[in-house]
Amino acid sequence: MSFSGKKILIAISGGIAAYKIHFLIRDFVKKGAEVQVIMTPDAEHFVTKLSISTLSKKPVYTEFYGDNGTWNSHVEMALWADVMVVAPCTSNTLSKMVHGMCDNLVIATYMSAKCPVFIVPAMDLDMYVHPSTKKNLELAESFGHSIIPAESGELASGLVGQGRMSEPETITRIIEDFFNSNIEKTLDGKTVLITAGPTYEAIDPVRFIGNHSSGKMGFSLAEEASKRGAKVILISGPSSQFINDKNVTLYKVTSAKEMLAKVFEFYDKIDIGIASAAVADYAPKEVAKEKIKKNDDNLTIELVKNPDILKTMGEKKTHQFLVGFALETQNEEENAKGKLDKKNLDMIVLNSLRDEGAGFKNDTNKIKIFTKTEKKEFTLKSKDDVAKDILDFVESQLLK
Ligand code: C5P
């Protein structure tokens, strides 16, 4: 979740494109942002406060005053926000913004805001190319605001041309890039290899042995390493996670043997290796060529040990900083430290299945980190925040 902890103020003005804001809010919230929405009085013709507040999980304001004499503070909302997104921004709202015509809550909040402002215009094509719109957009840019330009296509009027509000995915990507650009590039020039997800070990053409790993932890680590400027090689077993990041190359594998082979295509060139994959320890000795029939009451499948990918990485370590994971149910600390030595690691991340919210399928995790000489314990956090803690710790070790 790349907007974890971010506060986004959305101002909706009265254009038909307002219906798309539902998707934008849902996207922001899903990615971990806190979203406060304000609307111009006209926006209420296009979307309802109820639908917007249901998605944003906060009350929506259009007026300075609430029903029972309360005050909706434009200053408080403006100063609360990390970014303000005006979407859709009609020609009327744009004009009021750049000329300081402060006759509603949206403009008063905008004029009180100190955070970066993104303007997402939406209007009919002749209005969009009108010299006054062009001038107003130039003025907005001269104030330091960012314009997310309208796209071309069919408009609500039936005309075809530029004026359609940018799609929610585009707006999300631009805001995401903005937040990422503010992150210090502490891993610039480093190549980080991450293994993620489960492995599936085939029994026959339709069946396999696998586990419940979702791959979330590894994907969060990949995203965070990329934000910090690293080149990331992400090698994942079967997982429904996806990543769209130009610094991350994703290689999909199925079995432990395939994962091992992929890791060693890159191993010499990496600086940091993080093994978050839940690799199956055993695989069927023989893979049946045809689907096994249920003829007998019992079926015995002989299993043989899979290669230990991380242990092999440890044995061949030259300069790489190696991080392992340990998911334990008993003697957690002792077992984790044992793995640190046995696999020749620099650091190990322990999560216990005994801790509620930690481990496999959850969006959260609770970890302890060990090196040969140090131990650090963390509270239950989202996997995105855990990824930050892990990489902060890696960086602190690299500086030693
Ligand atoms: O020994 P154990 O499976 O508990 O070790 C866990 C750590 O080793 C994890 O970092 C996991 O990704 C890695 N591992 C591996 N190959 C295996 C088994 C575990 O890379 N076959």
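**Ligand site and backbone features of the predicted model**

An oxygen atom of the ligand lies 2.9 Å from a polar backbone atom of L310, in a model that is predicted. A second backbone contact involves F325, of which a backbone N or O atom is placed 2.8 Å from an oxygen atom of the ligand. The side chain of K339 also takes part, with a polar atom 2.4 Å from an oxygen atom of the ligand. Taken alone, the ligand exposes 450 Å², and 86% of that area is buried by the protein.

The ligand sits in the second largest pocket. The elements that contribute two or more residues to the shell around the ligand are helix 11, spanning residues 309–315, and strand 16, spanning residues 321–328. The residues surrounding the ligand are A275, A277, V279, D281, P307, D308, I309, L310, G324, F325, K339 and K343. When these positions are grouped by class, the shell comprises seven nonpolar residues, one polar residue and four charged residues.

With respect to the overall architecture, the domain assignment of the protein gives domain 1, covering residues 7–181, and domain 2, which is made up of the segments 191–288 and 300–398. The C-alpha centres of domain 1 and domain 2 are separated by 41 Å.

Two features of the backbone geometry can also be described. The peptide bond that joins A87 and P88 is cis, with an omega of about -10°, and P88 is found in strand 3, which runs over residues 83–89. At N331, a residue other than glycine, phi takes a positive value near 40°; N331 is placed in the loop between strand 16 and helix 12, the latter spanning residues 332–342. Strand 16, which precedes this loop, is also one of the elements that give two or more residues to the shell around the ligand.

Conventions: Residues are numbered from 1 along each chain as its sequence is written. This is a predicted model: local features need pLDDT of at least 70, side-chain atom pairs count only at pLDDT 80 or more; totals for chains, interfaces and linings use all residues. Side-chain values use heavy atoms; hydrogens and water are left out. A residue is near a molecule or strand if one of its heavy atoms lies within 4 Å of it. A polar contact is a pair of N or O atoms within 3.5 Å; within protein, one must be able to donate a hydrogen and the other to accept it, and residues adjacent in sequence count only if both atoms are side-chain atoms. Accessible areas come from the Shrake-Rupley method with a 1.4 Å probe; for residues, only the protein chains shown count as cover. On a 1 Å grid over the protein atoms alone, a cavity is a set of points where a 1.4 Å probe fits but cannot get out, and a pocket is an open set with protein on both sides within 12 Å along at least five of seven lines; lining residues have an atom within 4 Å of a point. A molecule sits in a cavity or pocket if more than half of its atoms lie within 2 Å of its grid points. Helices (H or I, at least four residues) and strands (E, at least two) are DSSP runs, numbered from the N terminus. Ala, Val, Leu, Ile, Met, Phe, Trp, Tyr, Cys and Pro count as nonpolar, Asp, Glu, Lys and Arg as charged, and the others, Gly among them, as polar. Domain bounds come from an automatic or database domain assignment.
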